[in-house]
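Me: I am new to this structure and would like a close look at a single part. Please keep the sentences short.

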Amino acid sequence: MTSSPTPITPVTLATGQARTRLHELTVIDVRTPAEYASGHLPGALNIPLDHVRRALPEIRHAAERGDVLVVCASGARSENACKLLSEQGIPTATLAGGTGAWAADGHDLHHPAACDTRAGWSMERQVRFTAGTVVLLGLSLGLLVHPAFQLLAAGIAGGLVYSAVTDTCGMAVVLGKLPHNRPRGADLDAARAALRGR
């Protein structure tokens with residue numbers, strides 16, 4: 001009978017702490033490929049949050065050889081990833097404030113060459129744009145076609161409140177499945193191979 005791994009409490013590193021230790025950390029960026037392409041910590045490997053389970057063996061391998069830092073835009077997704085990894089007995093740390101705090105503190109972000117990839121919108125910006133568009137559409141159709149279309153705007157408002165209360169975002173999950181937010185198989189395989197080589 002096998003026992004389940006003992007959960008390990010993830011730690012949080014401030015940007016200054018992470019910067020001084022960057023050379024010894026394995027950095028995993030759990031944002032979408034488009035967000036990753038818009039700027040990431042030097043040396044970070046992109047494994048989007050919804051692919052972390054697939055990469056568990058490689059992440060475990062890297063964690064056995066050194067400390068793993070998980071980052072995202074603001075810290076929320078990296079906390080979720082760290083919680084998942086902790087449940088598997090994999091020790092990790094998260095970056096307080098994410099890449100946003102890293103850049104705000106004046107630390108460099110790596111930007112891939114323009115020919116390699118096009119920069120995309122952050123997931124937060126995609127959610128704001130989509131929610132705003134659907135609300136405007138619902139209100140416009142409610143005025144021009146039928147008042148029942150205003151329920152569309154009310155549904156988005158309710159979803160935003162639920163998102164804030166639960167610190168989850170269903171719209172981000174849906175948007176993350178769009179082609180421009182999905183990793184190419186080769187990119188994910190390359191990140192997993194890099195983890196195996198640690």
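In what order do the strands of the open sheet lie, and is their pairing parallel or antiparallel? Please start there, then take me to helix α4 (residues 76-87).

Reply: This is a predicted model: local features need pLDDT of at least 70, side-chain atom pairs count only at pLDDT 80 or more, and totals for chains, interfaces and linings use all residues. Residues are numbered from 1 along each chain as its sequence is written, and side-chain values use heavy atoms, with hydrogens and water left out.

The sheet has five strands in the order β1-β5-β4-β2-β3, and the pairing is parallel. It is open, with β1 (11-13) and β3 (45-46) as edge strands, each pairing on one side only. Two strands pair if DSSP finds at least two bridges between them. In general, paired strands are joined through backbone hydrogen bonds. β4 and β5 pair in the parallel sense over two bridges. V70 has T94, in β5, as its bridge partner.

The protein chain has nine helices and five strands in total. Helices (H or I, at least four residues) and strands (E, at least two) are DSSP runs, numbered from the N terminus.

Now to α4. This helix lies across β4 and β5 and runs at about 140° to β4. Such angles run from 0 to 180 degrees between N-to-C directions, with axes fitted to C-alpha atoms, for helices over the stretch in contact. Contact means heavy atoms within 4.5 Å.

The helix has twelve residues, which should span 16 Å at 1.5 Å a residue. The expected span is 1.5 Å times one less than the number of residues. The end C-alpha atoms of α4 are 17 Å apart, which agrees. G89 follows α4, and its phi is positive, near 80°.

Which side chains does α4 bury? S78, A81, C82, L84, L85 and S86 are buried. Buried means under 20% relative accessible area, exposed over 50%, partly exposed in between (1.4 Å probe, protein chains only). The buried residues of α4 pack against α3 (56-65), β4 (68-71) and β5 (93-95).

C82 deserves a second look. It counts as buried because its relative accessibility is 1%. C72 is also buried, at 1% relative accessibility. The two sulfurs form no bond because the sulfur of C72 is 9.1 Å from that of C82, the closest cysteine sulfur, which is too far. A disulfide is a pair of cysteine sulfur atoms within 2.5 Å. The structure holds zero disulfides.
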